[in-house]
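Visitor: I would like a close look at one part of this structure. Please take me through a single pair of helices.

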Amino acid sequence: MAVVGLLLGAAALWGSSQLVWFAEFRDGGVRGTVLYTEIGSQRAVALIPLALLALAGTAGLIATGGWPRRVLGVVLAVAGVAAVWIGVAGGSFAGFADGLPVAQMLSARGLTILGGILVAAGGLAAIKGAGRMPRLGAKYSAPASKRVAKDPETELWEALSEGEDPTATR
């Protein structure tokens with residue numbers, strides 16, 4: 001679930017960076033009044049790096065285990081909170097002039113908040129489930145009990161090397 005949340009959060013943050021975040025009418029001189037817009041990647045430049053961090057964090061959660069996964073989870077949770085802050089701070093939710101793309105501006109901020117919540121939730125899930133989640137290559141490593149067990153013939157030769165009679169116990 002943490003990986004899915006991070007992937008969805010990264011997609012939401014990237015999508016939000018492509019939507020209009022700011023719009024106003026400006027005097028265009030000879031052209032008259034023109035609509036000036038800024039998209040999310042221009043207005044809130046941290047959106048794309050946060051989306052890339054969430055995407056890289058997905059790969060990191062799959063590849064790591066234990067305390068590195070917990071540290072990565074903390075970093076992702078902080079990044080999610082930062083994304084929520086970007087979506088909320090400096091935003092106006094009322095008092096727009098007629099003709100502005102209000103729906104797109106509000107949905108861009110809402111998508112940023114949703115993406116931040118998903119990234120933070122993915123980070124918190126990684127912290128909580130760091131010990132239970134499988135890690136990359138874990139199915140190929142032998143359990144500790146199999147690694148300790150020795151070949152019976154090797155044990156006989158080691159007993160002879162130590163000066164013991166291996167047949168005395170049989």
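Guide: Here is the pairing of helix α1 with helix α5. This is a predicted model, where local features need pLDDT of at least 70, side-chain atom pairs count only at pLDDT 80 or more, and totals for chains, interfaces and linings use all residues. Residues are numbered from 1 along each chain as its sequence is written, and side-chain values use heavy atoms, without hydrogens and water.

Helix α1 covers residues 2–17, and helix α5 covers residues 102–128. Helices here are DSSP runs of H or I with at least four residues, numbered from the N terminus. The two axes come within 7 Å and cross at roughly 155°. Axes are lines fitted to C-alpha atoms over the stretch in contact, and angles run from 0 to 180 degrees between N-to-C directions. α1 and α5 are therefore roughly antiparallel, a label for angles over 145 degrees.

Who touches whom? Contact means heavy atoms within 4.5 Å. From α1 the contact includes G5, L8, A12 and G15, and from α5 it includes A108, T112, G115 and V119. The contact residues divide into 12 nonpolar, nine polar and no charged. Ala, Val, Leu, Ile, Met, Phe, Trp, Tyr, Cys and Pro count as nonpolar, Asp, Glu, Lys and Arg as charged, and the others, Gly among them, as polar.

Now take G15, in helix α1. At 18% relative accessibility, G15 counts as buried, meaning under 20% relative accessible area with a 1.4 Å probe, protein chains only. In α5, the buried residues include M105, R109 and G116. The buried residues of α5 pack against α1, β1, α3 and α4.

Note on methods:
Helix = DSSP H or I, 4+ residues; strand = E, 2+ residues; numbered from the N terminus. Parallel < 35°, antiparallel > 145°, perpendicular 65-115°, else oblique. Buried < 20%, exposed > 50% of the residue type's maximum accessible area, 1.4 Å probe, protein only.
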